[in-house]
Amino acid sequence: MKARLLGDSLRLRLSQSEVVEVAEGGSVANRTRFPGGSSLQFVLRQHAAPQWQARISDNAVLIDAPAPTVMQWAKGDDVSIDASLSIAADATLTILVEKDFACLTSRPGDEDCFPHPASAD
């Protein structure tokens with residue numbers, strides 16, 4: 001899983017096996033370690049509640065996506081699912097979860113990515 005932060009938005013890109021893992025009720029995580037022993041982790045999982053949830057706990061960003069939304073996305077052709085969560089009267093956290101496509105030029109680490117729509121393969 002790749003994570004990208006920009007202001008009040010979070011974008012997660014998942015490989016094929018990670019999409020399957022979340023769709024089967026599991027979770028996917030990625031941890032970045034820092035000097036001195038600290039780390040920051042991003043975790044995505046599906047849950048039974050009908051709405052998205054997001055929180056930070058013990059140096060982990062935890063994102064819970066509704067199971068029906070995850071299942072439909074994982075089995076379909078949609079590239080992404082998203083949510084907007086209120087964080088204040090005038091502010092919203094935007095969450096975007098995408099299928100990660102391979103680059104058009106072969107790169108290490110692309111083996112488990114989804115085939116790029118513009119590729120000839």
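Q: What makes strand 7 and strand 8 a pair?
A: Two strands pair if DSSP finds at least two bridges between them. Strand 7 and strand 8 have eight bridges, in the antiparallel sense, so they pair. One bridge joins Leu85 to Leu93 in strand 8. Strands (E, at least two residues) and helices (H or I, at least four) are DSSP runs numbered from the N terminus. This is a predicted model, in which local features need pLDDT of at least 70 and side-chain atom pairs count only at pLDDT 80 or more, while totals for chains, interfaces and linings use all residues. Residues are numbered from 1 along each chain as its sequence is written, and side-chain values use heavy atoms, without hydrogens and water.

Q: Why do strand 1 and strand 7 stand at the edges of the sheet?
A: The open sheet has four strands in the order 1-2-8-7, with mixed pairing. Strand 1 (2–6) and strand 7 (80–88) each have a single partner strand, so one side of each has no neighbour in the sheet.

Q: What makes the contact between Lys2 and Asp100 a salt bridge?
A: A salt bridge needs a side-chain nitrogen of Lys or Arg within 4 Å of a carboxyl oxygen of Asp or Glu. The closest N and O atoms of Lys2 and Asp100 are 2.9 Å apart, so the pair qualifies. Lys2 lies in strand 1 and Asp100 in the segment after strand 8, so this salt bridge ties together parts that are 98 residues apart in sequence.

Q: Why is Asp100 called buried or exposed?
A: Buried means under 20% relative accessible area and exposed over 50%, with partly exposed in between (1.4 Å probe, protein chains only). Asp100 has 3%, so it is buried. Lys2, at 40%, counts as partly exposed.

Q: How do you know that Arg45 and Asp64 form a salt bridge?
A: Their N to O distance is 2.5 Å, which meets the salt-bridge cut-off, so the pair counts. Arg45 lies in strand 4 and Asp64 in strand 6 (residues 60–66), so the salt bridge ties together parts that are 19 residues apart in sequence. Arg55 also forms a salt bridge with Asp64, at 3.2 Å. Asp64 is buried at 4%, whereas Arg45 is partly exposed at 29% and Arg55 is partly exposed at 35%.

Q: What puts the buried residues on the same side of helix 1?
A: The buried residues of helix 1 (residues 16–23) are Glu18, Val19, Val22 and Ala23. They cover an arc of only 135° around the axis, which puts them on the same side; the arc is taken from the directions from the helix axis to the C-beta atoms.
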